[in-house]
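Morning, everyone. Please take a look at the structure on the screen. I'll walk you through it.

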Amino acid sequence: MESVIAALVTGVLTLVGVVVSNGRSRAVMEVKIDNLARQVEKHNCLMERTYALERDVSVVKAEIENMKEGR
């Protein structure tokens, strides 16, 4: 009878430990995911700005070529 009680107590304590550990692990993972999401957003903004600059440069190059041909 004592061994059954000891096994139940051990099982309950183990379950509590696993639940607490998973909660902490989940919190750390959520923080990491939030940080990654912010980094991806910054990267996407940078790419949009780069594409806009490339488009503007191509327009300026075309205008310069037109000015050279007009001389």
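**One chain, one helix**

Buried residues make up 0% of the 71 residues in this protein chain. Keep in mind that this is a predicted model.

Now the fold. How many helices and strands does the secondary structure of the chain come to? One helix and zero strands. The radius of gyration is 31 Å, while the globule rule gives 11 Å for 71 residues, so the chain is more spread out than a compact globule. Look at the box as well. Along the principal axes, the C-alpha atoms fill roughly 105 × 10 × 5 Å.

Next, the surface. The chain has an accessible surface of about 6800 Å². Carbon and sulfur atoms account for 64% of that.

Charges next. There are 10 positive side chains and 10 negative ones. How far apart do the centres of the two sets lie? They lie 5 Å apart.

Now zoom in on one patch. Met1, Ile5, Val9 and Leu13 form a nonpolar patch on the surface. Together they have about 460 Å² of accessible area.

Take two of its members. Ile5 sits in helix α1, which covers residues 2-70. Is Ile5 exposed or partly exposed? Its relative accessibility is 46%, so Ile5 counts as partly exposed; the partly exposed class runs between 20% and 50%. Leu13 is found in helix α1 too. Leu13 has a relative accessible area of 59%. Exposed means over 50%, so Leu13 is exposed.

One last distance. Leu13 and Cys45 are 32 residues apart in sequence. In space, C-alpha to C-alpha, Leu13 and Cys45 are 49 Å apart.

That's the tour. Thanks for listening.

Key. Residues numbered from 1 in each chain as written. Predicted model: local features only at pLDDT ≥ 70, side-chain atom pairs only at ≥ 80, totals over all residues. Heavy atoms only, no water. Patch = residues over 30% accessible without salt bridge, like charges linked within 9 Å, V, L, I, M, F, W, Y side chains within 5 Å. Areas by Shrake-Rupley, 256 points an atom, 1.4 Å probe, with all protein chains shown as cover. Salt bridge = Lys/Arg side-chain N within 4 Å of Asp/Glu carboxyl O. Helix = DSSP H or I, 4+ residues; strand = E, 2+ residues; numbered from the N terminus. Buried < 20%, exposed > 50% of the residue type's maximum accessible area, 1.4 Å probe, protein only. Rg over C-alpha atoms; globule rule 2.2 N^0.38 Å. Lys, Arg positive; Asp, Glu negative; His and termini not counted. Charge placed at Lys NZ, Arg CZ, Asp CG, Glu CD.
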